[in-house]
Amino acid sequence: VQERAKQFSERRCRPKLFHLREEFPVLVGDLRETCTPVELARAVENDIRAALHARAVAIVVDGKLLFVEGVENDFVTAWFEQFRPTIAAKLQIVRSDPVFPFRLPLAADGFQMHGWLLLGPRPDGSLYGREERKALRALAAPLARAMAISLRREDLHAVSQQERMNLSDRIMKVEDIIGQFPSVKKI
């Protein structure tokens, strides 16, 4: 009864946080099939900023800064050069960091992708409470899998695009060679 009352009150009083924890992991799973990694990151950023009021959001994938919102890119680039991530399994809170004090590791089982969801504090400088951290933890694994699948799909798309270009070039060369012989009829 307590759990149902708690869910009811969260759904009524904090609907965006409830969405982030309960509904967004499923949505992220759907988005991985249709979105590019940057579009997926933008969807995550929109919902996180709406639910948590994060001043800044960044996503790091395989050591590269994939997405930044809420902080100037030059400032984040300088911050990122100092960022020395370690392999971690849980949310890290670095209270002394004014830019991204919340660092959620993203690692997908069965995939070679590792990343971080970096969150800035709220506009008033306060940090996130227990329920917000719980919502972030619920989002970590689905987001990591979705990001890994989206990245893999983009890589496969780039490879197939390159193969089509190579095949098109080869066909054009064959047509040019055939065109040099007047006795051969073109199809």
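Hi everyone, let's begin at one residue: Asp-97 sits in the loop that connects strand E3 (92-93) with strand E4, which spans 102-107. Strands and helices here are DSSP runs numbered from the N terminus, with at least two residues for a strand (E) and at least four for a helix (H or I).

Before going on, a word on the source: this is a predicted model, where local features need pLDDT of at least 70 and side-chain atom pairs count only at pLDDT 80 or more, while totals for chains, interfaces and linings use all residues. Residues are numbered from 1 along each chain as its sequence is written, and side-chain values use heavy atoms, with hydrogens and water left out.

Back to our aspartate. Is Asp-97 buried or exposed? Asp-97 is buried, at a relative accessible area of 9%. For the cut-offs, buried means under 20% relative accessible area, exposed means over 50%, and partly exposed is in between, using a 1.4 Å probe and protein chains only.

And what does the side chain of Asp-97 reach? One target is the backbone nitrogen of Val-99, at 3.0 Å. There is also a polar contact of 2.5 Å between the side chains of Asp-97 and Arg-103. A polar contact here is a pair of N or O atoms within 3.5 Å; within protein, one must be able to donate a hydrogen and the other to accept it, and residues adjacent in sequence count only if both atoms are side-chain atoms. Leaving out residues up to four places away in sequence, Asp-97 touches Trp-79 and Arg-103, with contact meaning heavy atoms within 4.5 Å.

Both of those neighbours lead somewhere, so to speak. Let me follow Arg-103 first. Arg-103 stands opposite Leu-118 in E5, and E4 and E5 run antiparallel, joined by six bridges. Another pair across these strands is Leu-106 with its bridge partner Gly-115 in E5. Two strands are said to pair if DSSP finds at least two bridges between them.

Now the whole sheet. In what order do the strands lie? The five strands make an open sheet, E2-E1-E5-E4-E3, with antiparallel pairing. E2 and E3 are the edge strands, each pairing on one side only. As a reminder, strands of a sheet pair through backbone hydrogen bonds, either parallel or antiparallel.

E5 is largely enclosed by the rest of the structure, because five of its six residues are buried. On its other partner, E1, we find five antiparallel bridges to E5, with Val-60 opposite Trp-116 and Val-57 opposite Leu-119.

E1 itself is mostly covered, with five of its five residues buried. Val-57, Ile-59 and Val-61 point one way, while Ala-58 and Val-60 point the other way. That fits a general rule: in a regular strand the side chains alternate between the two faces of the sheet. E1 also has five antiparallel bridges to E2 (residues 64-69), and Val-57 has Glu-69 as its bridge partner there. Two residues lie between the strands in this hairpin, and Asp-62 takes a positive phi near 50°.

Now for the other neighbour, Trp-79. Trp-79 belongs to a cluster linked by ring pairs, together with Phe-80, Phe-83, Phe-100 and Trp-116. Across the whole structure there are five aromatic pairs. One of them is the tilted pair of Phe-80 and Phe-83, at 6.2 Å centre to centre with 35° between the planes. Rings of Phe, Tyr and Trp (its six-membered ring) pair if their centres lie within 6.5 Å; planes under 30 degrees apart are stacked, over 60 edge-to-face, and the rest tilted.

Finally, the cores. A nonpolar core is a set of buried Ala, Val, Leu, Ile, Met, Phe, Trp, Tyr and Cys residues joined through side-chain atoms within 4.5 Å. The largest one has 35 residues, and those with the most contacts inside it include Val-28, Ile-48, Leu-117 and Met-147. Helix H5 (130-179) is among the elements supplying at least two residues, and H5 gives the most, with 10. A second, separate core has 12 residues, among them Ala-58, Val-68, Phe-80 and Trp-116.

To place all this in the chain, the protein has five helices and five strands, in the pattern α-α-α-β-β-α-β-β-β-α. Of the 187 residues, 37% are buried. Thanks, and I'm happy to rotate the model for anyone!
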